[in-house]
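Student: I'd love to go through this structure with you, one question at a time. Could you show it first?

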Amino acid sequence: MSGTTNVCMNLPPHLTVREGRLHIGSHDTVALANKYGTPLYVTDEQRIRSNFAAYHDALTGYYDRVQMLYAAKANGNLAVLKVFADLGAGADVFSAGELYLALVAGMKPEHLLFNGSSKTPDDLKLAVQKNVRVSLDSVDEMMQLNEVARAMGTTVECSFRVNPAMEVPTHPKIATGLATSKFGIHAGEIIDAYRAAVEATNIVPVGLHCHIGSQILDVAPFAEEAAVLVKVAKQITDLGVNLRFLDMGGGLGIPYNHMTEVAPTPQEYADAVMPVFMDGIEKAGIRPELWVEPGRNLIGDSTVLLTRVNSVKRTHKAFVNVDAGFNLLARPVMYDAYHEVIVADRAEAAPAGTYTITGPICETGDILAHDRMLPEVSFGDTIAILDTGAYGFSMSSQYNSRPRCAEIMVNGGMEAPMRRAETIIDLKMTMEQLPWQ
Ligand SMILES: *Cc1c(COP(=O)(O)O)cnc(C)c1O
C-alpha cells in the first residue's frame, strides 16, 4: 500500500503509519480517538492470536502435551479472555474475580489454576465448588484446603508452588523467585509439603508450579527454572505422587524500548527450556502435561493507549499535559517502565524537540514518558503510548476521582467497545448515604 510504513521505531506488524497517521490493524488511531473519545485503550485481536500461536507452536514443536494458561491479571477483560478460551487456553487466576471471569469466558475448569499466596477460606471453597485445581503456597494453606474439601465431602487436586531461590534480571518488584520472595516453598523443603499432602485425607497432589518473575529478557533463568522443576518433580514422583502437570509459569519479556531492547522469541525460550524439560521428565520416567502461564508476552504489544494533549508548557523543559496518567497506566511510575510514544497525527514528521509526557493526576511523579524526541506537539494532538496491553488497564484506578476509560477491540475490519468508559455517576455508585448525613 502506498504511504504505508512500519519502519519507524521498529513497529510490530499490526502497527503501521499510513498517510502520516498511526494505524492499529486497519484502523486509524486518530479516527478511533475522535469517535470514542480519549483516553482510550485499543487492542488488536489478531495480534493476540499471532502472539499465542508463536508461543504455543514453539513449545509443541518439542512436546505434544502442552497446555497454555493465560495469566489473567495481565488483562482481565472478558473479551480478551474469550479470545484465549477460543484458542484453547485456560488461565492462571489469582483471585475469585479472575476465576469467575475465566469460567464466564468459557474456559474449562481443568485448564485453570487458582494461584496466589494469600487465599481466603471463601476462595478455597470456590475452587473446590468449581472443580478448579489450587496451587498452594504453604503447608498451612494446604491444611485449610483439606479442611474445606473435607467439610464439603469431596477431594481437591492441587500443586505446590516451588521457590527456586534464583536471582532474576528484572525490576525487583517483579522478581518473584528470589530466596527472599514471599512466594512459594523452597525447593529444599517442598518434599515435606508433598509428604504432608499425600497424608492429608482430602487433598490429591497432581502438579508442581513455579513462576520466577516478569519481564525477563534472558532465557537462561528459565532453563535454570526448568532444571529445578524437573529435579523436584523426580523427588515427588519417588514419593509416589502421580504428577499430571509441571507448570513453568510466565515471565518472558517484551522489548518496551524498540530501539535498545531485544527480547528472546518464544522459539528461543523453547530452545532453552525444552531440552532441559524433556531430559528431566524422561529421567523421572513421567509424561506430565507442560503448563505455561504467559501474560505479557501474549498481550503486551497488542494494545495502544490513546491520550489527548490538553496543553503544552515550556519551562525548564517542554511538558505535554495529556488526559491519561498513572490512574490508567501505572507502569512508568510503579516500575520506572519505558513505553514508546508516538504522535499519532504526525507519526512520520521529523523530531522537533524533546518532550516529557505528563498525566493529569495531582502528583509530581505522574509522568508517562521522560524527555522524548518527538515531532512538534500541540493542543488536541493524539498521543499513542505503545505496548500497554499487559498491566495497563488491569492496574488502573479511580485515583483523583477520575472514571476509568473505555477499551476497544479491533479485529480485521471490525471494531467494537469491550468496556465502556466509566462516568462521573459511576464514581458514586458504590458509595453509601450515611444515616446521620
Ligand atoms: C503474573 C504471573 C504470571 C504472568 O507473568 P507475565 O510476566 O505476564 O508472563 C504467570 N504466573 C503467575 C503465577 C503470575 O503471578
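Tutor: Happily. This is a predicted model, and the second largest pocket, with a volume of about 340 Å³, is a good place to begin.

Student: Which residues lie nearest the centre of the second largest pocket?

Tutor: Its lining is made up of 16 residues. By class, these are seven nonpolar, six polar and three charged residues. Nearest the centre lie R47, I254, P255, A263 and D301.

Student: Which helix gives the most to the lining of that second largest pocket?

Tutor: The top contribution is three residues. They come from a helix covering residues 45–60, namely α2.

Student: What volume does the largest pocket have?

Tutor: Its lining has seven nonpolar, nine polar and seven charged residues. The volume of this largest pocket is about 440 Å³.

Student: And which residues are closest to the centre of the largest pocket?

Tutor: There are 23 residues to choose from in the lining. The closest to the centre are K73, T176, F183, H211 and Y391.

Student: Y391 caught my eye. Is it buried or exposed?

Tutor: Y391 sits in the loop between β20 (382–385) and β21 (406–411). Its relative accessibility is 10%, and the cut-off for buried is under 20%. Y391 therefore counts as buried.

Student: What is the phi of Y391?

Tutor: A bit of background helps here: most residues other than glycine have a negative phi. Y391 is not a glycine, yet its phi is positive. The value is about 60°.

Student: Where else does a residue that is not a glycine have a positive phi?

Tutor: Look in the loop between β10 and β11 (185–186). The residue there has a positive phi of about 55° although it is not a glycine. At 43% relative accessibility, it counts as partly exposed. It is A165.

Student: Which peptide bond is cis, with omega near -10°?

Tutor: In general, most peptide bonds are trans. For this one, go to the loop between α1 (29–36) and β5 (40–44), where P39 lies. The cis bond runs from T38 to P39.

Student: Let's turn to helices. How far apart are the end C-alpha atoms of α6?

Tutor: Helix α6 takes in 13 residues, 139–151. The expected span is 1.5 Å times one less than the number of residues, so at 1.5 Å a residue it should span 18 Å. The end C-alpha atoms agree with that, being 18 Å apart.

Student: Why do the buried residues of α6 line one face of the helix?

Tutor: The residues in question are E141, M142, L145, N146, V148 and A149. Viewed down the axis of α6, these buried residues line one face because they all fall within an arc of 165°.

Student: What does the face of α6 turned away from the buried side carry?

Tutor: The buried residues of α6 are covered by elements including α5 (121–129), β9 (133–136), β10 (156–163), α7 (190–199) and β12 (203–209). The face turned away carries exposed residues. These are D140 and A151.

Student: Which residue just after α6 takes a positive phi?

Tutor: The phi in question is about 70°. The residue that takes it is G153.

Student: What arc do the buried residues of α7 cover?

Tutor: The buried residues of α7 are I190, I191, A193, Y194 and A197. They are on the same side of α7, because they cover an arc of only 155°.

Student: Which elements cover the buried residues of α7?

Tutor: Helix α6 is one of them, just as α7 is among the elements covering α6. The cover of α7 includes α6, β10, β11, β12 and α8 (220–238).

Student: Now for residues far apart in sequence. How far apart in space are Q67 and V292?

Tutor: Q67 is in strand β6 (residues 66–71) and counts as buried at 9% relative accessibility. Its contacts include G88, H111, W291 and V292. In sequence, Q67 and V292 are 225 residues apart, but C-alpha to C-alpha the distance is 6.7 Å.

Student: Last one: which residues does G413 touch, leaving out those up to four places away in sequence?

Tutor: G413 lies in the loop between β21 and β22 (414–419) and is exposed, with a relative accessible area of 70%. One partner is 386 residues away in sequence and 7.6 Å away in space, C-alpha to C-alpha. The residues touched are S26 and H27.

Conventions: Residues are numbered from 1 along each chain as its sequence is written. This is a predicted model: local features need pLDDT of at least 70, side-chain atom pairs count only at pLDDT 80 or more; totals for chains, interfaces and linings use all residues. Side-chain values use heavy atoms; hydrogens and water are left out. Helices (H or I, at least four residues) and strands (E, at least two) are DSSP runs, numbered from the N terminus. Buried means under 20% relative accessible area, exposed over 50%, partly exposed in between (1.4 Å probe, protein chains only). The arc is that of the directions from the helix axis to the C-beta atoms. Contact means heavy atoms within 4.5 Å. On a 1 Å grid over the protein atoms alone, a cavity is a set of points where a 1.4 Å probe fits but cannot get out, and a pocket is an open set with protein on both sides within 12 Å along at least five of seven lines; lining residues have an atom within 4 Å of a point. Grid points are joined across faces, edges and corners, and a volume is the space filled by probe spheres set on the points. Ala, Val, Leu, Ile, Met, Phe, Trp, Tyr, Cys and Pro count as nonpolar, Asp, Glu, Lys and Arg as charged, and the others, Gly among them, as polar.
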